[in-house]
Amino acid sequence: MNSLVFQATTRAVTPLLLAFSLFMLVRGHNEPGGGFIGGLLAVTAFALYALAFDARQARTLLRVSPRTLTAIGLLLATASGCMAWLAGQPFMLGLWLPVGLPAELKLGTVLLFDVGVYLVVLGAALLVLLTLSEE
Amino acid sequence: MLWMILIPLAAAAAAPFFRRLLGAHVATLLAVVPIGLAAVIATGLPLEPGATWTEAVPWIPDLGVALAFRLDGLSATFGLLICGVGALVLLYAGAYMRTDPRLGRLCGLLLLFLGAMLGVVFSDDVFVLFVFWELTSIASYLLIGFKHDKHDARDAARQALLVTGAGGLTLLAGLVLLTIAASQAGLSMEQASRISALAAVDLSGQALFVPALLLIVLGAFSKSAQMPLHFWLPNAMTAPTPVSAYLHSATMVKAGVFLLARFNPVFGESLWWHLLLTATGAVTMLVAAAMAAGQTDLKRILAYTTVSVLGTLTMLIGVGTELAIKAAVVYLVAHACYKAALFMIAGSLEHATGTRDIRQLSGLFRTMPVTAISGILAALSMAGAPPLFGFLGKELLLKAKLDLEYLGVVLILAASLANVFLIAMALVVVVWPFFGRRSPAAHSAHEAPLLMLLGPLLLAVAGLFVGLIPGTFDSALGSAMATAIGGRPIAMELKLWHGVSPVALTALGISVVTLIIGFVLFLRLRDWLAHIAVAVARIGRRGPARIYELIFAGVLASADGVTRLTQTGSLRQYVRVVLLALVVTCLYPLIRSFPVLDRLSSSWQWHEVLLVLLTFVGAVAASFSRSRLSAVALLGITGLLIAVLFALFSAPDLAITQIMVEALTVILLVLVLYRLPEFTPLRTRLARLGDALVAATAGAIMAGLVLATAGLHLPPVVSEQLARMSKPEAYGRNVVNVILVDFRALDTLGEITVVAVAGLGVYALIKLRRRRRAEGDAS
């Protein structure tokens, strides 16, 4: 789609959407949001970009291939579950760092797991979307 | 003892890396593993009869399953054979496949098999035994199919896996029945799965005793290639020679015999056991020996004689007298030594001349003297000629038969006839290749390298050594092994010369007669070979291998039929099947518990009614639209309106997700639609009416389900508890997300795995289509 207005708007909106998706990811533990929603938001950001320009430019923007993203996401999610083993706890038990962050945020394996979900959703959806639009 | 099994498994995993570091020396290095293990076992020698050493590590305590291991005469002998022959085979393989880049894989697989086999013979827990038993089948599958670029190698590997795998399943069923029978007989759950504990009680009164016996025997028969399940073994000769020398002489095929020997103390008193083993063993012994005479491939000759010997061993265990067990012990060890040597010699011959066809090999003694001498010693042991190990085995076998009260004459006749064939074939495999005029194939031949001489020579000399000084074997291992098989103390004293007693003289006489007849058969075999080969091939066409092929083809054909029936490739058909399945499965329970509608309050807000109406209109309009794009847009509207409903009823997470998914679905659909041909309504009015009916019913069912769940008065314990725990336990106020990533994180992990796999699947399908189209353009 070679619409100048659409392209200019997309250029402005994409970073906002991505930032918003990260915000949704992080705040998910206390307010509506989370890795799944954040991941879907990020997908729309890239889908918009692919519509305004083309799939190749969306890939350049993404830098990492969607397949790698999916793999890293799954690995992160699994690894976050395995960390409990190191502490002698059963698989997938959430572990938390004692340090608190502002706005009631806490760091722990659960957040890592959510990041994994985010990456898998982003990777798998973009894998299909970008490949299809390159057809 | 667990570590004795884990070390070779670990070495197996490391083998490919060592190959990269060390090149062809990897095999020599890895041979250290079995040599060390053999040394560890050997430090326990001489083994007192009845002495056992046990160890148990809890594994599944709830089921009474433990990693229980037992070292006694039987498992020690097998352990030594597995490690000893394994080391020699590894050394041999290092030279045999010196330049092959796949040597690392071969060594790794051989070690994997070695570890699995040690697991089988050391296990005292029936289920642990089963696990290792299956592992040997898998390792054997990979080894037989080692040359996976060859069609016949793949076929043979699959055949071996299916036959031994099916046997493994019957074995498992038998073991389960046996443990049930044992617990009914009053054993604790832990004791019921220990073989040593099973042997100590009398289970023959239990109803499940005979079924368990039959199933276990069937499993053992499939592994040890008893008729009519023997056919996979000769076909498995497509494996590289080191594999045949290891799996198909000394170890894997003996696993079945081992199992029978191990369970002999449990089942030995049963008439079923006695008859089944004796009859099947005798038939296998005789028929396979005769079939060996029709082969021209050196390795297939050895394979059929192996089947024959396995039959003999099965028969001896079935007979079960003290003498028979002694004979089985000696015969088993002697056979492992000479047969592994002969297989390696067959490999050396092929290595040197490029052929295994027995008719094209002759006159190689001068060029390959060491190989020839090892071969002659091994073949003499196979023929049962004094003063070799094999002779001791045969003498004991004959004495065991003479000792029988009934059936003895029949068995002696069968064994002697089989022996005649074995003697003739033993002569064939060494006299034809090594003596006579030099054949064309022999001209470029060369003596095998040192590492390939070592194995056959050591094994052949061991046969001679034990034959000359038999006391070394019986005091070190023989008595302990016989005791373990018999389940009662059996003292063994081997002698070359048994003095002048009627039984000894008769046995000796039969030996001499069979040797003479075997020699005569050997002399005439060159003329008869073609005829026997035709007869064997005719049996092969009608025999069990044919049944296997028919079953295999039948399974493939029925799978093909089912696929054709269900996988029509029409998306409408799939959707229809899915929806109708939903209707059929949900209709009855839904009618039975018809939704109680008391919870549906009458206080409807006007905007809610409007939303529902709009949603409905969108869906109906979509189904009547004449273009795909408008249908997608209308469906999008329906989806978004549902999202608004979610938001209204305080499910913000669901609403956001729904909006995102709707947006992405529309984008995806547009991308796909772009590529579809123009929409043309081809379906008749009646067909569309049918579709509408299916859709409406499915929709009504879904609505009914939702109402039914709303009408349920579930105790709100679960949700309340989760909501209460959310903040203090998981530091999150958003219960939905806490459930997703913490309380039920394992489910989510499964879901994202599905998402990832689905993404990859779609990606692969698109890529595949693109490549096919590119290929279509190219051609």
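What follows is a dialogue on helix packing, cores and the chain contact in a predicted model.

Trainee: What makes up the secondary structure of chain B?
Mentor: Chain B has 30 helices and two strands. Its C-alpha atoms fill a box of roughly 115 × 70 × 50 Å along the principal axes.

Trainee: Why are α3(B) and α11(B) called roughly antiparallel?
Mentor: The axes of α3 (residues 73-96) and α11 (residues 241-250) of chain B cross at roughly 165°. Angles over 145 degrees count as roughly antiparallel, and the pair is therefore roughly antiparallel.

Trainee: Which hand does the crossing have, and within what distance do the axes come?
Mentor: α3(B) passes α11(B) in a right-handed crossing, and the axes come within 9 Å.

Trainee: How do you know which residues of α3(B) and α11(B) meet?
Mentor: The test is C-beta atoms within 7 Å. On the α3(B) side, B:Leu81, B:Val85, B:Gly86, B:Val89, B:Tyr92, B:Ala93 and B:Tyr96 meet residues of α11(B). Their partners in α11(B) are B:Thr241, B:Pro242, B:Ala245, B:Tyr246 and B:Ala250. By class, this contact has ten nonpolar, two polar and no charged residues. Gly counts as polar, so B:Gly86 in α3(B) is classed as polar.

Trainee: Which residues touch the most other members of the largest nonpolar core?
Mentor: They are B:Cys107, B:Leu110, B:Leu316, B:Ala328 and B:Leu342, in a core of 223 residues. Helix α15 (residues 322-353) of chain B gives the most to this core, with 23 residues. Another core, of 58 residues, lies apart from it and includes A:Phe36, A:Leu74, A:Leu126 and B:Val755.

Trainee: What makes B:Leu110 a buried residue?
Mentor: A nonpolar core is a set of buried residues, and buried means 20 or more other C-beta atoms within 10 Å. B:Leu110 is a member of the largest core, so B:Leu110 meets that cut-off. Leaving aside neighbours within four places in sequence, B:Leu110 is in contact with B:Gly86, B:Val89, B:Leu90, B:Ala93 and B:Tyr246. Across chain B, buried residues make up 46% of 779.

Trainee: How many residues does each chain give to the contact between chains A and B, and which element of chain B gives the most?
Mentor: Chain B gives 36 residues and chain A gives 41. The elements of chain B with two or more residues there are α26 (652-673), α29 (735-743) and α30 (745-778). α30(B) gives the most, with 13 residues. By class, the chain B side has 25 nonpolar, seven polar and four charged residues.

Conventions: Residues are numbered from 1 along each chain as its sequence is written. Chains are lettered from A and ligands numbered from 1 in the order in which they are written. This is a predicted model: local features need pLDDT of at least 70, side-chain atom pairs count only at pLDDT 80 or more; totals for chains, interfaces and linings use all residues. A nonpolar core is a set of buried Ala, Val, Leu, Ile, Met, Phe, Trp, Tyr and Cys residues joined through C-beta atoms within 7 Å. A residue is buried if 20 or more other C-beta atoms lie within 10 Å of its own, exposed if 12 or fewer, and partly exposed in between; C-beta atoms are placed from the backbone. Helices (H or I, at least four residues) and strands (E, at least two) are DSSP runs, numbered from the N terminus. Two residues are in contact if their C-beta atoms, placed from the backbone, lie within 7 Å. Axes are lines fitted to C-alpha atoms, for helices over the stretch in contact, and angles run from 0 to 180 degrees between N-to-C directions. Angles under 35 degrees count as roughly parallel, over 145 as roughly antiparallel, 65 to 115 as roughly perpendicular and the rest as oblique. A crossing is left-handed if the near helix is turned anticlockwise from the far one by less than a right angle, and right-handed if clockwise.
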